[in-house]
Amino acid sequence: MKIGIFGGSFDPIHSGHIEVARQAYALLNLDEVWFLPSSKTPLKDRNLTDNEDRKHMISLSIQNIPYFSLCTIEMEREGISYTIDTVLELKRLYPDYDFYWIIGNDQLKQFHLWKEANRICEEVKVVCFNRDYQMSSTKYPIQCLHMKDVCVSSSEIRKGNKLNYLCDGVLDYIYEKRLYVEEFVKSRVKPKRFEHSLSVAKLCSQFAINNGLDEKKAYYAGLFHDIAKSMTVKEMEPWMDILCPENKSYAPAVWHGFVGSEIVDRIFEIHDPQIKNAIYHHVLGTSEDPYAMIVFCADKLDPLRDYDTSYGIGLCNENIYKGFLYECEENRKYLEGK
Ligand SMILES: [Fe+2]
Ligand SMILES: [Fe+2]
């Protein structure tokens, strides 16, 4: 058996990884490719997402490809994992197999830093796949192969970009387990706005729980409600022209609700109509859908605001409609005063 070993943090796995593995399978004439998620990489200091979550996302992505499988020996090992230890363990477990160690060009550049790099090359065949035509040179006996470029990285996905490069079911899992989602918002709004968004999301879930509603839906409506807040008028204008040109007569400060409701759909692939509606109406409080009332109130009653919001919070926890009527009245008084 010729086995390709494709190691990485897979945080998260995306279709670029799948494409590398497919090309390795074909170009090296392999029988199988095993995805080997790392537990903790000595050369990377970012904290990795939980092993179970990364494993699950890999399983979802490879479930329909019979010659791909998941190999968890690095995750099962205690402490920091070195490739040489994994190589020796695999050779002990499968003495008759021929292993091909698949690395990327970025790993080739720092291969000399790997523990016992020479010995790794003696024990297995190391193959470097490169997206660029410019291969890095190396003093090690490493075979270099060119692959078709897939322009996506896990770090882009962690910031909520290129989510369409995730395999079926993975994005649902990310939302289900709330992996990376706060990063999605953090990378698009200012730090203060991010703190506010998190705080509103928490308050939304509290209101939902106390009113017998879906806590997850409320959390996401709250988390994303100000996603378009950092956009300039110039940036929002094309969205407004397409989505709701009739609303351009409102002050631009109101527009981020309209635009944000479409951004969650098109960029973050959140298609739930109640979440979109809640974001759309959150500035003006013009919808009596329960999730729209929740977000409108939680936004005004954010405990981080510089006034005491405990009375309104109490009302919303008791009954969101009561709280909503109270908040609408408070808001009207505030605007009149202004
Ligand atoms: Fe807002
Ligand atoms: Fe807000």
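In the protein chain of this predicted model, 64% of the contacts with a separation of 6 or more are accounted for by residues 24 or more positions apart. The chain holds 17 helices and 6 strands. Its C-alpha trace spans about 80 × 40 × 35 Å along the principal axes. Of the 338 residues, 49% are buried.

A UniProt annotation from an unreviewed entry, "domain: HD", covers residues 193-304. Over this stretch the chain is 66% helix and 0% strand. The C-alpha atoms at the two ends of the stretch are 11 Å apart.

The metal site was examined next. The iron ion (ligand 1) has three protein donors, namely D226 through OD, H256 through NE2 and H282 through NE2. These donors lie 2.1 to 2.2 Å from the ion. Along the sequence, the spacing of the donor residues follows the pattern D-x29-H-x25-H. H256 belongs to helix α13 (residues 252-266), whereas H282 lies in the loop between α14 (273-281) and α15 (290-300), so the two histidines tie together parts that are 26 residues apart in sequence. Both histidines are buried: H256 has a relative accessible area of 5%, and H282 has a relative accessibility of 1%. Each value falls under the 20% limit that defines a buried residue. D226 also bridges two metals, the iron ion (ligand 1) and the iron ion (ligand 2). The two ions lie 3.5 Å apart.

Helix α13, which carries H256, packs against α14. The axes of α13 and α14 come within 6 Å and cross at roughly 155 degrees. An angle over 145 degrees counts as roughly antiparallel, and α13 and α14 are therefore roughly antiparallel to each other. Their crossing is right-handed. On the α13 side the contact involves G257, F258, G260, S261, E262, V264 and D265, which meet K276, I279 and Y280 of α14.

The loop between α13 and α14 contains E269. With a relative accessible area of 33%, E269 is partly exposed. Leaving aside residues up to four places away in sequence, E269 touches N164, L171 and V264. Of these, V264 is also one of the α13 residues that meet α14. N164 is 105 residues from E269 along the chain, yet the C-alpha atoms of the two residues are separated by 8.5 Å.

A further helix pair is formed by α10 (residues 191-210) and α15. Their axes come within 9 Å and cross at roughly 130 degrees. That angle makes α10 oblique to α15. The crossing of α10 and α15 is right-handed. From α10, the residues H196, V200, L203, C204, F207 and A208 meet I294, V295, C297, A298 and D299 of α15.

Helices α10 and α15 also serve as packing partners of helix α16. In α16 (residues 310-318), the buried residues include G312, I313, L315, C316 and N317. The buried residues of α16 pack against α10 and α15, as well as against α17 (320-337).

The pairing of helix α8 (residues 170-177) with helix α11 (residues 215-224) has another geometry. These helices pack at an angle of about 95 degrees, with their axes 10 Å apart. Angles of 65 to 115 degrees count as roughly perpendicular, and α8 and α11 are therefore roughly perpendicular to each other. I174, Y175 and E176 of α8 make the contact with K216, Y220 and F224 of α11. L171, a residue touched by E269, falls within the span 170-177 of α8.

Toward the start of the chain, Q23 is found in helix α1 (residues 15-27). Q23 counts as buried, at 12% relative accessibility. Apart from residues up to four places away in sequence, Q23 touches L28, F129, H146, M147 and K148.

Note on methods: Residues numbered from 1 in each chain as written. Chains lettered and ligands numbered in written order. Predicted model: local features only at pLDDT ≥ 70, side-chain atom pairs only at ≥ 80, totals over all residues. Heavy atoms only, no water. Donors = N, O, S within 2.8 Å, 3.2 Å for Na, K, Ca; no water. Helix = DSSP H or I, 4+ residues; strand = E, 2+ residues; numbered from the N terminus. Buried < 20%, exposed > 50% of the residue type's maximum accessible area, 1.4 Å probe, protein only. UniProt positions renumbered as here; feature names shortened; annotations may be inferred. Axes fitted to C-alpha atoms, helices over the stretch in contact; angles between N-to-C directions. Parallel < 35°, antiparallel > 145°, perpendicular 65-115°, else oblique. Left-handed = near helix turned anticlockwise from the far one by under 90°. Contact = heavy atoms within 4.5 Å.
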